[in-house]
Every structure is written in structure tokens, then in C-alpha cells.
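Colleague: I've got a new model open and I'm not sure where to start. Could you walk me through it?

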Amino acid sequence: MAEIELKTAPADFRFPTTNQTRHCFTRYIEYHKCLNAKGEDAAECQKFARYYRSLCPVEWVERWNEQRENGTFPGPL
């Protein structure tokens, strides 16, 4: 059986406090900007997906996904 390697987002000095809310939001935006720029199949975007998934609560991501679909997302995509 293959080993599973668990990782989280690396330290980002733009977010020095223990409150990682902004870090989560920024990584989510970076992921979607990358997809918009490079396409849905871009492998280099997957690191951003791993980062935001390890930092963000699932409820937030679900709400943001709904907002993106409705055109009401508050961030710059």
C-alpha cells in the first residue's frame, strides 16, 4: 500500500499572525486566478488548491464557490 503524505501550506511571511483567515482567502483567490490564466487542467495551479484546502474551512469554500457561480464573489478573480 502506498504511503500517504500529508502537507499543509508553507509559511507565508505576508501573514505573520496566528489568524490565518486572510492567508486562506488569498490562497483561494490565487488558485482561481491561476485557473483563469492557465486553464482548468494546469498542474501548476494544484499547489494553490492544496494550500487553500488545508487552510480554509469547508463551509467558507462552499459559500465562495456559490458566490463565484452567482457572480457575487467579493474578491478579485
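Modeller: Sure, and one term before we begin: accessible areas here come from the Shrake-Rupley method with a 1.4 Å probe. Keep in mind that this is a predicted model.

Colleague: What share of the chain's accessible surface belongs to carbon and sulfur atoms?

Modeller: Start with the total, which comes to about 5800 Å² for the chain. The carbon and sulfur part of that surface is 51%.

Colleague: In what order do the elements of the chain run?

Modeller: Count them up and you get three helices and zero strands. Reading from the N terminus on, the order is α-α-α.

Colleague: How far does H1 reach from its first C-alpha to its last?

Modeller: H1 covers residues 21–38, so at 1.5 Å times one less than its number of residues we can work out an expected span. For the 18 residues of H1 that expectation is 26 Å. The model comes close to it, with a reach of 26 Å.

Colleague: Which helices help cover the buried residues of H1?

Modeller: H1 has quite a list of buried residues, including Phe25, Arg27, Ile29, Glu30 and Leu35. What covers them includes two helices, at 46–55 and 58–70. Those are H2 and H3.

Colleague: Is Arg27 buried or exposed?

Modeller: Arg27 is found in helix H1, and its neighbours give a hint. Leaving out residues up to four places away in sequence, Arg27 touches Pro10, Asp12, Arg14, Phe48, Tyr51, Tyr52 and Leu55. Its relative accessibility is 7%, and because the cut-off is under 20%, Arg27 counts as buried.

Colleague: With which side chain does the side chain of Glu30 make a polar contact?

Modeller: Glu30 has its place in H1 too. Leaving aside neighbours within four places in sequence, Glu30 is in contact with Arg14 and Phe48, and both of those also touch Arg27. The polar contact, at 3.2 Å, is with the side chain of Arg27.

Colleague: Which residue follows H1, and what is the sign of its phi?

Modeller: Look just past the end of the helix, which runs over residues 21–38. The residue there is Gly39, with a phi near 100°, so its sign is positive.

Colleague: How far apart do the centres of the positive and negative sets lie?

Modeller: The chain has 11 positive side chains and 11 negative ones. Take the centre of each set, and the two lie apart by 7 Å.

Key: Residues are numbered from 1 along each chain as its sequence is written. This is a predicted model: local features need pLDDT of at least 70, side-chain atom pairs count only at pLDDT 80 or more; totals for chains, interfaces and linings use all residues. Side-chain values use heavy atoms; hydrogens and water are left out. Helices (H or I, at least four residues) and strands (E, at least two) are DSSP runs, numbered from the N terminus. A polar contact is a pair of N or O atoms within 3.5 Å; within protein, one must be able to donate a hydrogen and the other to accept it, and residues adjacent in sequence count only if both atoms are side-chain atoms. Contact means heavy atoms within 4.5 Å. Lys and Arg count as positive and Asp and Glu as negative; His and the chain ends are not counted. The place of a charge is taken as NZ of Lys, CZ of Arg, CG of Asp or CD of Glu. Buried means under 20% relative accessible area, exposed over 50%, partly exposed in between (1.4 Å probe, protein chains only).
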